[in-house]
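These are my notebook entries on a model I looked through for strand pairing and pockets. I set them down in the order in which I looked things up.

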Amino acid sequence: MNLVWLVLLLILCIRGYTEEVLNPEVVNIGAIFTFSTINGKVAKIVMKAAEQDVNSDPSILGGRKLAITLHDSNYSGFLSIIGALQFMESDTVAIIGPQSAVMAHVLSHLANELHVPLLSFTALDPTLSPLQFPYFIQTAPNDLFQMTAIADMVSYFEWREVIAVYSDDDQSRNGITTLGDKLAERQCKISYKAALPPDPKATRDQVFNELVKVRMMESRVIVLHTLSKTGLLVFDVAKYLGMMESGYVWIASTWLSTILDSTPLSSKTANSIQGVLTLRPHTPDSKKKREFSSRWNHLSNGTIGLNPYGLYAYDTVWMITYALKTFFDQGGTISFSNITSGTALVAGELNLGALSIFDGGQQLLKNILQINRTGLTGPLRFGPDRSPVHPAYEVINVVGTGFRQLGYWSDYSGLSVASPETLYAKPPNRSRSNQQLYDVLWPGEITKKPRGWVFPNNGRHLRIGVPNRVSYRDFVSKGKDTDDLHGYCIDVFTAAIALLPYAVPYKFVLFGDGLENPNYNQLVYKVASNDFDAAVGDIAIVTNRTKAVDFTQPYIESGLVVVAPVKKLNSSAWAFLKPFSPLMWGITASFFLIVGAVVWILEHRMNDDFRGPPKKQIVTMLWFSFSTLFFSHRENTVSSLGRMVLIIWLFVVLIINSSYTASLTSILTVQQLSSSIKGIETLITSNDRIGFQVGSFAENYLSDELDIPKSRLIPLGSPEEYATALENGTVAAVVDERPYIEVFLASHCKFSIVGAQFTRSGWGFAFPRDSSLTVDLSTAILTLSENGDLQRIHDKWLKNKVCSDNSQLGSDQLQFQSFWGLFLICGIACFLALLVYFCMMVRQFSKQFSEASPSSHGSSRSARLQTFLSFVDNKAEVSKAKSKRKRGDMSLDSNGREDKSRNGSTRSKQTDLPSEI
C-alpha cells in the first residue's frame, strides 16, 4: 500500500512540474523603445499602467501574471537588436516595438523565424508589408493614411506643388514617396525633396543649407515629415531665414501634435511654429478614455502630457492580453522549440542554441488579428489589409501657445468639420463640394489663403522663346537696329505680365534662322524639354501641342480658312431668278397650285365665287392661288376650313416674299464675286495644289486629318508668295489661319475667303507642364479682355487698313432646306382640312340618303360613287332640297301602295258577301 501511495505522489509531482513548465505563472512580453523621446517616455508609463490593470484581475489570464520587460535602445539600432535577442532567449511570447521603422525592417525578419509577434504603434512605415513580414503588426494607422490626409489638404486648398523636407530614414523617406503617389492621384506633385540626416543627427548647418535651397524654389507649400528634435530645429532655422512669414505654408506630420500634447512650449518654440498645420491621430471620446485621462497626472506625476500614441500603447498591451486569453481558452500552451532543430541555420560560433521558436506563435498572431474589442482609441479591430479600422486624424492649426482644431480627416469621407463617428452611419461622400475645414490662421497672421508659390528668387531670368518670323511681322518682329521685339503678340504678353502681383524677370530668345518662318511644333517641344521656360508668339493651341505643354487662355480666336482667287459677276437679264434655286422655284409654284385646289374644294359647295362652268372654275382657281402672292385675291372664303388654310398659306407667302426681296436686293446692289472653289470640301475632292504657310500646323492638319497627299501641298513663306502663287495658278487655294488671312486680304482684294472656317482654335502662350505662371497669366489675359486693353492692342497692330473694294463672294441661292418647315406646316394644314372635309361630306351623304328606295340599295358601287360626287358637286342648299323632294316622292309612293292595298281588301270583302248570304 505504501508503495502505491509513493507512485501516486511521484505522478502528481511530475504532472505538476510539467504543467508549470508548459503553463508558467508569468507570461513574458518585451518592449523596445528609446525612453528619452516623448513617445518613449509616455509609452513607458502607459505600458506599466496597462500591466498593472491586467494583473489586477487574475481571471483574465487564468491566474497568470503579465510581465512587460522594457529595453532602452537609446536611438541605437545595435542596442535594439541586442534587446530583441535577449527577449528571444527569455521565452518572450510577444514584443512591443521597435520605435523606429528602420529597426522594424530588421527585427521583423527575426520575428518571422522565431514566430514571435512584433507589435508597434510608432514604426508606421507604409512599406512594412504583411506579406513580407507576417509577424509584424502596426497597431496605429500607418503613414499611408497620414500622407493621404496631407494630399487631400493640398488638393483642398488648390495647390499644385509642394516641397518635402524629411529625415533620410526608412519611415520618413517611404512616407514622402507615398505622399508623392497620393499627390499624383490629385494632379499635384512634389517639386523638390530636401533630405536631412536621420533624427537626431541633423545639425543646424545642414538644416540651414537645405532651407536656403528651399527658399529659392518656386513652391511655398512645405511638408515637414521628421521627428521632434529635427522638426523643431527646422522651424527654428526657418524662422531665422524669414520662411515663417506670410506667403509660406507649412504642413507638419503627427510629430508636431505629439509635442503640443505632451510638452509645454517655450516662447521661442511657439513663435517659430505659428500658423503651421499638423495632424493628430483621432481617438473618439469615450468613458474609458476620460477615466484613463483623469488617472494620467497621478501616473506621470505631471512630468509629461498624454498623447494619442500613449493611448495606442495602452491598447497594444490589451490586444496581446486578449489574444493570450483566447489562446489559453483554446487549450494553448506556452512552449518553445530549439531553433537548430527546425531551421537550416548553422550555429557556428554564435550561441543560436539559446534562441527558440515559440510553438504557439502562429495561433497567437491569428488571435491578435481576429480581435474585436473596444479600447481607449476606439474599436480594436483590424481590416483585411491588417490596418486598424476607421483611421482618422484631426487637422490642427498652431495659434499662440496652443492650437485650434480645423476639422477632421477620415479614410471614409475625407475632410470634414463633423467628427468621423457621425459620418460612419451615412454613405461615404468624397466629392469636392463635401470637403470642408474651418478657416486657417496662416504664417504671418493672415487669414487669406496663400497662393502657394512665388516666382523663384534664384537670380535666373526666364528664357522665353519667340519665333523669328520672316512674314506677317505685325504679330512678332525684331527691330532693325536693336534687339528689341515688338508686335501684337509681344504687346499682349507684356501687358499680361504687368498685371501679375509679383515681378517676373525674363528675356526673349529668338527661335529660327531668320531666313524662313520657324517650325512652331519644334518651338513648343523646346519648352517641353526645358530648353525654354516659355514660348510667346502666334502659337496655335492644337491637340498635339497640348499633350506636351500647358497653354494660357487664348488671347485671339483662330482657325483654318481657305483663300482662293475670285472674279466679279456681272448682272444679267435673268438676275431676278437667282435668289431661289431651281428646286425652290419648283416647290413654290407647286404649292401655289396645291393651295388653290384645296381652297377650291373647300369652298365649291357653299361659295358662289368658286362655282360655274368648268372653264370658269379652273381660271378662278389659278387666279386665286397666284393672286395670294400679292395679297390681291378678290374671292372671299366662307368656310372655316378654307380660311384656316388661307391664313397659313398667306404667312408662308409673306416669308417667301420677304426672303426673295432681300436676296434680290443684295444681288443687284452689292458687287458679287465667284470662285470655282467653294470651301475645303472642294479641295478635298479635287486634285488641285494647296498652299500653306511655312511653319504652320496647317500642313500636318491637311495631310494627317484630311488625308490630302503631301505632294499637293506647296509651302509659301510670305503674303507676296501667296498672291503670286494664286495669280499664276501654282496653287488653287491657300489654307492658313484666319488672323494671317485677314492681314493678307487687307491689301489683296483679288482674293477672298471661300466657304466656312473649318477648325476652331486660338493663340496662347506655352509653358511647361504644371507651371503656376499658366494660371496667373490666363487670369491676366481675361482681365485684359474685360477692361478692353486686349481689343486696343488688336486695333493698334491689326486694324491699320482695309481693302478698298466693297465686294463679297457670290452668295449662295436660297435653298429649299431653309423653308421646308414652312412648306411642311402648310402641307399638313391642307391635308387635315381635306380629311375633315371628306369626313363631313361622307357623314352628310349617309344621313341624307339613308332612307333611299330598295332599288337604290341594290345599285352598283359606281352608281353610288356617281351619286356621291353629284352630291359633293351640288351647292349645299340644292342638295338639301333634292333630298327633301326625294324623301317626299318616296313618301307618296308608299302612301299609294297602301291605298291600293286597302282598296283591294275592300273589293275582296264585297265579293265574299253573296256567298255568305
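Entry 1, strand β30. I looked up the pairing of strand β28 (residues 690–693) with β30 and found 3 bridges in the parallel sense. Within this pair, F692 stands opposite V735 of β30. I note that the model is a predicted one.

I then turned to the partner strand β25 (residues 560–565), which is joined to β30 by 4 bridges and runs antiparallel to it. I recorded two positions here: V561 has D736 of β30 as its bridge partner, and V563 stands opposite V734 of β30.

Is β30 enclosed or open to the outside? I checked the burial of residues 733–737, taking buried as under 20% relative accessible area. The count is 5 of 5 buried, so β30 is largely enclosed by the rest of the structure.

Entry 2, strand β25. I followed β25 to strand β31 (residues 751–754), and the two pair in the antiparallel sense over 4 bridges. A564 has S752 as its bridge partner in β31. β25 thus has antiparallel pairings on record with β30 and with β31. For burial I found 5 of the 6 residues of β25 buried, so this strand too is largely enclosed by the rest of the structure.

Entry 3, the sheet with β1. In what order do the strands of this open sheet lie? I read the order as β2-β1-β3-β4-β5, 5 strands in parallel pairing. The edges are β2 (65–72) and β5 (136–138), each of which pairs on one side only. On average, neighbouring strands of the sheet are turned by 25 degrees against each other, direction ignored.

I looked more closely at strand β1 (residues 26–33): 8 bridges join it to β2, and the two run parallel. One pair I wrote down is V27 with its bridge partner L66 in β2.

Entry 4, the largest pocket. I found a volume of about 990 Å³ for the largest pocket. It is lined by 42 residues, and those closest to its centre are Y75, Q99, S100, D199 and L227. I looked up which helices contribute: at least two lining residues each come from α2 (38–55), α3 (77–89), α4 (101–114), α5 (143–156), α6 (170–185), α8 (228–240) and α9 (255–262). Sorted by class, the lining holds 21 polar, 15 nonpolar and 6 charged residues.

Entry 5, the second largest pocket. Its volume is about 570 Å³. Of the 21 residues lining this pocket, I noted E161, E218, P456, R460 and D533 as the closest to its centre. Both β7 (189–196) and α26 (772–787) supply at least two residues of the lining. Which element gives the most to this lining? I found that β7 does, with 3 residues. By class, I recorded 9 nonpolar, 7 charged and 5 polar residues for the lining of the second largest pocket.

How values were computed:
Residues are numbered from 1 along each chain as its sequence is written. This is a predicted model: local features need pLDDT of at least 70, side-chain atom pairs count only at pLDDT 80 or more; totals for chains, interfaces and linings use all residues. Side-chain values use heavy atoms; hydrogens and water are left out. Two strands pair if DSSP finds at least two bridges between them. Axes are lines fitted to C-alpha atoms, for helices over the stretch in contact, and angles run from 0 to 180 degrees between N-to-C directions. Buried means under 20% relative accessible area, exposed over 50%, partly exposed in between (1.4 Å probe, protein chains only). On a 1 Å grid over the protein atoms alone, a cavity is a set of points where a 1.4 Å probe fits but cannot get out, and a pocket is an open set with protein on both sides within 12 Å along at least five of seven lines; lining residues have an atom within 4 Å of a point. Grid points are joined across faces, edges and corners, and a volume is the space filled by probe spheres set on the points. Ala, Val, Leu, Ile, Met, Phe, Trp, Tyr, Cys and Pro count as nonpolar, Asp, Glu, Lys and Arg as charged, and the others, Gly among them, as polar.
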